[in-house]
Amino acid sequence: MNHRKSIFLALLLLAGFVSLSAGPDVQDIGLNIRYFDKRIYYLEDDPILVQITITNSSPSSYRFRLADDRAFSIDFDIRTMTNLTVDPADILIRRRSTSQQVFFRDIAVESGESFSFVEDLRNYAALRRSGSYVVQVRMYPELYRNTINTPVALNSNGVPLESNRLSLNIRPPALPGPGGVPLALDVETNANLVREKLPPDQVVNYILSARQKGQWEKFFLYLDLEAMLIRNAPRQRQWLAESEEGRRRMLARYRSELETEVTDGDIATIPMEFQIERTTYSAEEGTVSVLEKFKTGNYIERKRYTYYLRQKDDVWTIVDYTVLNLGTE
């Protein structure tokens, strides 16, 4: 083999190496966002959860760094309808301005696969006014970092990944309804949801049917979140030590954790079918026993739920529950 051929082959090998090491074309990597629990959002500090999904449509693996603190991997671009950028949240400024080591994991998304995680929009943007907004996410595969207040975080093609856009409507704080209970809105009809004077068995039927349909506002309508939160002794001690504002944040966080099944996941699990077996109640307290079935792989799990209810101002609400596993069928 002469010298000229050797150089030519070496160049071919080098070109192949560069092509392989460059990874997939960024156009084949999709960044998609959607609301994790689409509902009516109010001008309060209840979470606005957004699910972020990276999809690899290329024939090769896609690798990126994902920071333990997601603020160093993604950024939300939120604008008003007049194209004004919403200011970053105070907590985001503190997290990014504090001198700290950024811990991360190397993530590999194989061809045809997706990787998802959920973030609270309020941790990124100072949403201080009600109105309409447009939301977009940027992801930084090599992490977000500031250099003289200029973000430097680019993928192999020199630009961050950008997602689709979502419309966000934030309403003024919910007005109190009868008995001081805030009026929620039905996502489907936009009508006010008000607690009605239903008997205990109908209350349970209402929340289970709402859960089957993914109607979170209806699911929470007859749940006494405060009573359910302080069933746990550590949370009860924290509750008693908190201010009014702190308690409001605890309730918002607890609601969010129920939706994501971080805590008390049994009550938020969607039953494929249910049958109310027994209802007993006195003037102020009641219990409802329900046989519920859940699809798990090739099996159907059977569980007996017992819901405990309390009546106040002629309205029954759920304050506790227990679960008994009955095996599979």
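This is a short walk through one predicted model, from the overall make-up down to single residues.

Start with the whole chain. The protein has eight helices and 17 strands. Of its 329 residues, 40% are buried. Now take the contacts with a sequence separation of 6 or more. Residues 24 or more positions apart account for 65% of those.

On to strand 4, residues 62–67. Y62 belongs to this strand. Is Y62 buried or exposed? Its relative accessibility is 8%, under the 20% cut-off, so Y62 counts as buried. Across the fold from Y62, look at E110. The two are 48 residues apart along the chain, and their C-alpha atoms are separated by 6.3 Å.

Stay in strand 4 and go to L66. L66 has a relative accessibility of 1%, so this residue counts as buried too. What does L66 touch? Leave out residues up to four places away in sequence. Then the list is S73, F104, R105, I107, F115 and F117. P141 is worth a look here as well. Its C-alpha atom is 7.3 Å from that of L66, with the two positions 75 residues apart along the chain.

Two of those partners of L66, F115 and F117, bring us to the rings. Y62, F64, F115 and F117 form one aromatic cluster. F117 also has a charge above it. The charged end of R70 sits over the ring of F117, 5.0 Å from the ring centre. There is another such case, elsewhere in the chain. K303 places its charged end over the ring of F294, 5.5 Å from the centre.

Now the ring pairs. How many aromatic pairs are there? The count comes to 13. Take Y281 and W316. Their centres are 5.6 Å apart and their planes are at 70°, an edge-to-face pair. Y281 lies in strand 14, residues 273–281, and W316 in strand 17, residues 315–328. These positions are 35 residues apart in sequence, so the pair ties together separate parts of the chain. W316 counts as buried, at 5% relative accessibility. Next, Y305 and Y307. Here the centres are 5.8 Å apart and the planes at 20°, so this pair is stacked. Both Y305 and Y307 are buried.

Y305 comes up again with S289. S289 is in strand 15, residues 285–296. Its relative accessible area is 13%, so S289 is buried. Which residues does S289 contact, beyond its neighbours within four places? They are Q275, I276, E277 and R278, together with R304, Y305 and T306.

Next, the loop between strand 16, residues 299–312, and strand 17. D313 is in that loop, and so is D314. Look at the backbone. D313 has phi near 55°, a positive value in a residue other than glycine. D314 also has positive phi, near 70°, and again this is not a glycine. Are these side by side in accessibility class? D313 counts as exposed, at 56% relative accessibility. D314 is partly exposed, with a relative accessible area of 43%.

Now the helices. Helix 2 covers residues 90–97, and its buried residues are L92, R95 and R96. Why do they fall on the same side of helix 2? They cover an arc of only 90° around the axis, and that puts them on the same side. Residues three or four places apart point the same way, because an α-helix has 3.6 residues a turn. On the other side of helix 2, R94 and S97 are exposed. What covers the buried residues? Strand 5, residues 74–80, is included in that cover.

Last, a helix pair. Helix 6 is residues 233–241, and helix 7 is residues 244–259. Their axes come within 9 Å and cross at roughly 145°. Helix 6 contributes R235, Q238, W239 and L240 to the contact. From helix 7 come R247, M250, L251, R253 and Y254. By class, that is five nonpolar residues, one polar and three charged.

To close, three places to find on the screen. One is the cluster of Y62, F64, F115 and F117, in one aromatic group. Another is the Y281 and W316 pair, edge-to-face. And then the loop with D313 and D314, where phi is positive at D313 and at D314.

Terms used:
Residues are numbered from 1 along each chain as its sequence is written. This is a predicted model: local features need pLDDT of at least 70, side-chain atom pairs count only at pLDDT 80 or more; totals for chains, interfaces and linings use all residues. Side-chain values use heavy atoms; hydrogens and water are left out. Helices (H or I, at least four residues) and strands (E, at least two) are DSSP runs, numbered from the N terminus. Buried means under 20% relative accessible area, exposed over 50%, partly exposed in between (1.4 Å probe, protein chains only). Axes are lines fitted to C-alpha atoms, for helices over the stretch in contact, and angles run from 0 to 180 degrees between N-to-C directions. Contact means heavy atoms within 4.5 Å. Ala, Val, Leu, Ile, Met, Phe, Trp, Tyr, Cys and Pro count as nonpolar, Asp, Glu, Lys and Arg as charged, and the others, Gly among them, as polar. The arc is that of the directions from the helix axis to the C-beta atoms. Rings of Phe, Tyr and Trp (its six-membered ring) pair if their centres lie within 6.5 Å; planes under 30 degrees apart count as stacked, over 60 as edge-to-face and the rest as tilted. A charge sits over a ring if NZ of Lys or CZ of Arg is within 6 Å of the ring centre and within 35 degrees of the ring normal.
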